[in-house]
Amino acid sequence: VMAATNRVDILDPAILRPGRFDRKVAVGRPDVKGREEILRVHAKDVRMDSTCDLEAIALASAGLVGSDLANIINEAAILAVENGREYVSQPDLFEAFERVAVGGKEKKDRPMSDKERHIVSYHEVGHALVSALQKNTDPVQKITIVPRTMGALGYTLQTPEEEKFLQSKEELEEDIATFMGGRAAEEIVFHSITSGAANDIEKATNIARNMVTRFGMSEKFGMMGLATVESQYLDGG
């Protein structure tokens, strides 16, 4: 008997004893080689021109799973058709990656006042500047203030140069600093703050919480496990 679940945490221990479901195959998120192979599987029936570099998309898409990668290829094909082309190009793939990873299409017709554009511009450049001044952050690939359909008013895209499986305390602190760079720029330039940093604060807080509760990086609490990961194959909360 073969079975699959993404809620291992709620299975009855009785069925997991030796002689029952005793052979477990954990399917985690794919590494860069796995992502490239998954992209190739979904791309085999799609016409692609010579500019397409699936390795670059695989490297940029760290953390995405198979269904996300399938969506990238599908979105790229739709983009090519929308623009009246017979072949998918690298810009199509990269735009498709942004749609899947960042959230939705560009919404160029969303009405934003000049003041809001001004604030978002400084906010995103704040992220980019802080990132550029750190030693261990991923290089900035793109900065945009074109809103997305999923709510982002702009974003700064960083893509890794290599796959990482470990992060040092210094790297995590630099990530937090980069997330805080947008809010800091708003304060310095406008002497005011907006709700635009909500997602940045959420991500930075999540990193800080894990540093204290799971990674033993707090001087106050030291090497203590203060949290466990439930439903690791779902939301990882």
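Me: What makes the meeting of the side chains of Lys 142 and Glu 98 a salt bridge?
Reply: A salt bridge is a side-chain nitrogen of Lys or Arg within 4 Å of a carboxyl oxygen of Asp or Glu, and Lys 142 and Glu 98 meet at 3.0 Å, N to O, so the pair fits the rule. The pair links distant parts of the chain, with Lys 142 in strand E1 and Glu 98 in helix H4, 44 residues apart. This is a predicted model, in which local features need pLDDT of at least 70 and side-chain atom pairs count only at pLDDT 80 or more, while totals for chains, interfaces and linings use all residues. Residues are numbered from 1 along each chain as its sequence is written, and side-chain values use heavy atoms, with hydrogens and water left out.

Me: Why is Glu 98 called buried, and why is Lys 142 called partly exposed?
Reply: Buried means under 20% relative accessible area, exposed means over 50%, and partly exposed lies in between (1.4 Å probe, protein chains only). Glu 98 has a relative accessible area of 1%, so Glu 98 is buried, whereas Lys 142 has 24% and is therefore partly exposed.

Me: How do you know that Arg 85 forms a salt bridge with Asp 92, and is Asp 92 buried or exposed?
Reply: The closest N and O atoms of Arg 85 and Asp 92 are 2.6 Å apart, which means that they satisfy the salt-bridge rule. Asp 92 counts as buried because its relative accessibility is 5%, while Arg 85, at 35%, is partly exposed.

Me: What makes Lys 164 and Glu 171 a salt bridge?
Reply: Their closest N and O atoms are 3.5 Å apart, so this pair also meets the rule. Lys 164 is partly exposed at 38%, and Glu 171 is buried at 14%. Elsewhere, salt bridges that share partners join Glu 75, Glu 95 and Arg 99 into one network. By the rule, the count comes to seven salt bridges.

Me: Why is helix H4 called mostly covered?
Reply: Of the 14 residues in H4, 10 are buried, among them Leu 93, Phe 94 and Phe 97.

Me: How do you know that the reach of H4 is close to the expected one?
Reply: The expected span of a helix is 1.5 Å times one less than its number of residues. H4 has 14 residues and reaches 19 Å from its first C-alpha to its last, close to the 20 Å expected.

Me: Why is His 191 called exposed?
Reply: His 191 has a relative accessible area of 72%, so it is exposed. His 191 is placed in the loop between helix H6 and helix H7, and it has a positive phi of about 50° although it is not a glycine.

Key
Helix = DSSP H or I, 4+ residues; strand = E, 2+ residues; numbered from the N terminus.
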